[in-house]
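Work through these exercises with the model open. Each has a task and a stepwise solution.

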Amino acid sequence: MTDAQGTGNPEGSTDWAALSAELEQTLRLRSIPFAMKMFEHRADMEAIPRIRRPSAVHTLDQVVGQASRLGWTVGVTADDLVGAQCRAVVGLGSAKTDDWLSGRHMKGVWFEDEAGAAAHQAAMHCVPDGQFEALAVSPLASGRLGEPDIALFYATPGAMMYFINGLQWSGYKRFDWGVVGESACADSWGRALTTRTPSLSIPCFAERRYGGVLDDEMLMATPPEYLFKALAGMKALARNGFRYPFPQYGVQQDVRAGMAVSYGNG
């Protein structure tokens, strides 16, 4: 990503602080955008400036929450995560064993039978095992991860719709996202890491209980280059009078005047 994208510095590298601030302001975000990066070697993760290492066992949802809610830069290995479900999504610790694939640990808890639990495990987007030893999350504005693998942010459904409208302004593409239910981090950071495309998710129970995600928040995870595309699109929409938050027109008003502005006379 370069200065030509509109958020770079004179040397050509990305001004992450400016990019983050523009995203926060445009979408009226209540928590900060953050980034995630995978590392083949643990030592490279531990060399990040001001990196924090957990002193207790966490869910990955908690680690993500520490970046998005507290502004921390945190690095983890498989040993820092509570179990195979967290590790499997990001490919740490060779967690995708036959036992994990069977889903039997979720039978009778989240799914009625083992067949349903196994189908759920198979439906998840997960980074392949054996490629990485560690990952780090950090506020996007800090720039501590260099070029991150993905950028993420929490927002209301209305803000997410506006972000998607921005992505679709130029070079329209339909987005089709799924919901695995529990373990929905596979719908967001798992999917974005593996498919290299924007991935919207409805955060699951664990993200809300352990990660501090609010009841009205959704999560977008995307390779960073899509942030530039969405911001450029939202600027174009703003010039046409479309800005977030969307003003309410009224459920009893004559709609014709408003529709003529938003959709033309056709």
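## Exercise 1: A salt bridge and its setting

Task: find the partner of Arg30 and place both residues in the chain.

Solution. Step 1: Arg30 makes a salt bridge with Asp216, and the closest N and O atoms lie 2.7 Å apart. The criterion is a side-chain nitrogen of Lys or Arg within 4 Å of a carboxyl oxygen of Asp or Glu.

Step 2: this pair links distant parts of the chain, 186 residues apart. Arg30 sits in the loop between helix H1 (16-27) and strand E1 (34-39). Asp216 sits in the loop between helix H9 (205-211) and strand E6 (218-222). Helices (H or I, at least four residues) and strands (E, at least two) are DSSP runs, numbered from the N terminus.

Step 3: Asp216 is partly exposed, at a relative accessible area of 35%. Buried means under 20% relative accessible area, exposed over 50%, partly exposed in between (1.4 Å probe, protein chains only).

Before going on, note the basis. The model is predicted, local features need pLDDT of at least 70, side-chain atom pairs count only at pLDDT 80 or more, and totals for chains, interfaces and linings use all residues. Residues are numbered from 1 along each chain as its sequence is written, and side-chain values use heavy atoms, with hydrogens and water left out.

## Exercise 2: More salt bridges

Task: describe the Arg104 and Glu114 pair, then the Asp254 and Arg256 pair.

Solution. Step 1: Arg104 and Glu114 form a salt bridge at 3.8 Å, N to O. Arg104 lies in the loop between helix H5 (98-102) and helix H6 (114-123), while Glu114 is in H6, ten residues apart. Arg104 is partly exposed at 43% relative accessible area. Glu114 is partly exposed too, at 31%.

Step 2: Asp254 and Arg256 form a salt bridge at 2.6 Å, N to O. Asp254 is partly exposed, with 45% relative accessibility, whereas Arg256 is exposed at 64%.

Step 3: shared partners join Arg30, Arg69, Asp216 and Glu217 into one salt-bridge network. The count comes to twelve salt bridges.

## Exercise 3: The sheet

Task: which strands stand at the edges of the sheet?

Solution. Step 1: write the strand order. The open sheet has six strands in the order E2-E3-E1-E4-E6-E5, with antiparallel pairing. Two strands pair if DSSP finds at least two bridges between them.

Step 2: strand E2 (74-76) and strand E5 (199-201) are the edges. Each has a single partner strand, so one side of each lacks a neighbour in the sheet. The twist averages 20 degrees from one strand to the next.

Step 3: look at E1. Six bridges join E1 to the antiparallel strand E3 (residues 134-139). Met38 stands opposite Leu135, and Ala35 opposite Ser138. E1 also pairs with strand E4 (residues 150-155) in the antiparallel sense, over three bridges. There, Met36 faces Ile150. Five of the six residues of E1 are buried.

## Exercise 4: Two helices

Task: what is the crossing angle of H1 and helix H10 (residues 225-239)?

Solution. Step 1: the axes come within 11 Å and cross at roughly 45 degrees. Axes are lines fitted to C-alpha atoms, for helices over the stretch in contact, and angles run from 0 to 180 degrees between N-to-C directions.

Step 2: H1 is therefore oblique to H10. Angles under 35 degrees count as roughly parallel, over 145 as roughly antiparallel, 65 to 115 as roughly perpendicular and the rest as oblique.

Step 3: list the contacts (heavy atoms within 4.5 Å). Leu19, Glu22, Leu23, Thr26 and Leu27 of H1 meet Leu227, Phe228, Leu231, Met234 and Lys235 of H10.
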